[in-house]
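Thanks for coming. I have a few minutes on one structure, and I will keep to helix packing and empty space.

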Amino acid sequence: MATKPNWLDRTIAIVAPAAATRRVMARSAFNSLARKYDGAGRGRLTENWKTAGTSADAEISRALPLLRARHRDLVRNNPHARKAVTVWKNNLVGAGIMARSNSGDEDLDALANELWDEWVKAADADGQLDFYGLQELAVGIMVEGGEALVRRRLRRPGNGLRVPLQLQVLEGDHLDIAKSGETAQGRKAVQGVEFDTEGRRQAYWLFRDHPGNGWLTSPKAFQSVRVPADEIVHLYRKERTQTRGVPWGSAVITNVRDADDYDVAEIIRKKTEACVVAIVTGADEGEEGIAPSSVVDADGRPVEKFEPGLIAYSHGGKDVKFNSPSAVGGYTDYRRASLQSISAGYLVPYELLTGDLSEVNFTSARVGLVEFRRLVDTVQWLTVIPMLLDRIRVWFCHAAYLAGELPVPFVPCEWNPPAFESVNPIDDANAELIEMRSGTLTWDEAVSRRGRNPDDVMAETIARFEKFDEHGLVFDSDPRRVTRGGNEQPSVSKQAEEANSPRRLKPVA
């Protein structure tokens, strides 16, 4: 916005137009400086702030191997880093994100669900986990190492699998980060990922074995092979337009390390404070075995370090002196502030990271969990489901179709993440009931929120009610017969009379 001359500028312009012009230009320049971003300002406070306008891929290519190694070391040895990874796995996957076919054809959905349930148990190429265990493994690798790879392994008909498909989960180390630059036919590779001329992923360059295996000696072990992109699922959280992912604790790696160092220093200081030492200053000048101006123990050896309960002998005097170690406070406050920064870097509530509930009330806990659950929901539906689960579902249906088990090459499904435990179950249940009665929430949606298949729940409910009726049992949980207040439904007696009375035949005209 241009700066307009004021009355004083116009007055000066009558006798000195050049001076008035300089005033207006100076005021305009000053206004421009006042409107700038402080973060982009230059001065004494920011002269040592070195930044670069590099792309995400350029930053990751230089930092990823070291970031990944350091973060894994923290997860192995630091309890809070390990807890952060576990919290993310438990909330993103839990017992598994379930699938329910919803093509609209009941017979096709039932067949697809039957095949899916059978395949889930045999999905692991290593033969140790089921499909939900592979979900947790892949998500844990993504959080700890920044990315995970899932490779499709098609099996021969003779392997005894109705759906000849298994999955192999790999760490991001298998990607050959040195494969970067121009390749054949105008393609390019970025840190082991090959793109075509239109920017679509064409292939991944993978090492046959993990390059960190110390027992690898063959030169072929360090030669990557080209694997088509439709054989690989690349799972990572895409925060910029990057090709590879970074560990989720990258922003606080130094904070966690500093917290560890502080703990070590605090332990050493506490041990020093606990060293109650007595020094006997009663030896005479020139006494045999004791050198003048020296401090020795009872055996005459020079004292080089203090230990709890140590009694040392010093030259001169006839007295016993005890040291007075002084305790230094502030550890708890620093520790709490440090862990709050670490929890913010991991995007995990402080209470979940530390288990410290000393300063939490019901309202603050609920507010913190609501925000964290919104973040979990975002990662589930924008990262885990589209990048991992939807791709695997396509693989499953295609393999079942080629094996003759499915009549169509794809059956759509709904994914049901695990339900969050309620902080206030009674109020939440009442709110859900009001939503269902008002028509803003369906019964299927309410069941899916808990990670259950509505069709399975319906089948179980029908079978159980039939057994209740067969044996004449009435429970408060049966809304057909008992009201919410525990009273008998008014229509039950009339329905029973109609059910037991003989049917009346209409007269034939």
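I will go through three pairs of helices, then a cavity and a pocket. What you see is a predicted model.

A word on how I will describe the pairs. Two packed helices are described by the angle between their axes and by the distance between those axes.

Let me start with α10, which covers residues 362-402. One of its partners is helix α4, residues 79-92. The axes of α4 and α10 are 10 Å apart, and the packing angle is about 70 degrees. Angles of 65 to 115 degrees count as roughly perpendicular, so α4 and α10 are roughly perpendicular to each other. The crossing of α4 past α10 is right-handed. Which residues make the contact? From α4 they are V87, W88, N91 and L92. From α10 they are F372, L375, V376, V379 and Q380. By class, this contact has seven nonpolar residues, two polar ones and no charged ones.

Another partner of α10 is helix α6, residues 131-145. Here the axes come within 12 Å and cross at roughly 140 degrees. That angle makes α6 oblique to α10. For the label "roughly antiparallel", an angle has to be over 145 degrees. The crossing of α6 and α10 is right-handed. On the α6 side, the contact is made by F131, Q135, A138, V139 and M142. On the α10 side, it is made by T383, V384, L388, L389 and I392. Eight of the residues in this contact are nonpolar, two are polar and none is charged.

The third pair is α7, residues 253-273, with α8, residues 331-346. Their axes lie 10 Å apart, at an angle of about 160 degrees. With the cut-off for roughly antiparallel at over 145 degrees, α7 and α8 are therefore roughly antiparallel to each other. Is this crossing left-handed or right-handed? The crossing of α7 and α8 is left-handed. In α7, the residues in contact are N255, V256, A259, Y262, D263 and E266. They meet Y331, Y334, R335, S338, S341 and I342 of α8. The classes in this contact are six nonpolar, three polar and three charged.

Now the empty space. How many cavities of 30 Å³ or more does a search of the whole structure find? The search finds one. The largest cavity holds about 40 Å³ of space. Its lining consists of F131, L134, Q135, A138, V150, L167, V169, L388 and I392. You have already heard some of those names: F131, Q135 and A138 of α6, and L388 and I392 of α10, belong to the contact of those two helices. The elements that each supply at least two residues of the cavity lining are α6, α10 and β3, residues 165-171. The most comes from α6, which gives four residues. Eight of the lining residues are nonpolar, one is polar and none is charged.

The last item is the largest pocket, with about 890 Å³ of space. The pocket is lined by 27 residues, and the closest to its centre are R373, A419, F420, E432 and R449. Three elements give two or more residues to this lining: α10, β14 at 413-416, and α11 at 425-438. Which element gives the most? That is α10, with eight residues. In this lining, 12 residues are nonpolar, four are polar and 11 are charged.

To close, the helix to remember is α10. It packs with α4 and with α6, supplies at least two residues to the cavity lining, and gives the most to the lining of the largest pocket.

Terms used
Residues are numbered from 1 along each chain as its sequence is written. This is a predicted model: local features need pLDDT of at least 70, side-chain atom pairs count only at pLDDT 80 or more; totals for chains, interfaces and linings use all residues. Side-chain values use heavy atoms; hydrogens and water are left out. Axes are lines fitted to C-alpha atoms, for helices over the stretch in contact, and angles run from 0 to 180 degrees between N-to-C directions. Angles under 35 degrees count as roughly parallel, over 145 as roughly antiparallel, 65 to 115 as roughly perpendicular and the rest as oblique. A crossing is left-handed if the near helix is turned anticlockwise from the far one by less than a right angle, and right-handed if clockwise. Contact means heavy atoms within 4.5 Å. Ala, Val, Leu, Ile, Met, Phe, Trp, Tyr, Cys and Pro count as nonpolar, Asp, Glu, Lys and Arg as charged, and the others, Gly among them, as polar. On a 1 Å grid over the protein atoms alone, a cavity is a set of points where a 1.4 Å probe fits but cannot get out, and a pocket is an open set with protein on both sides within 12 Å along at least five of seven lines; lining residues have an atom within 4 Å of a point. Grid points are joined across faces, edges and corners, and a volume is the space filled by probe spheres set on the points.
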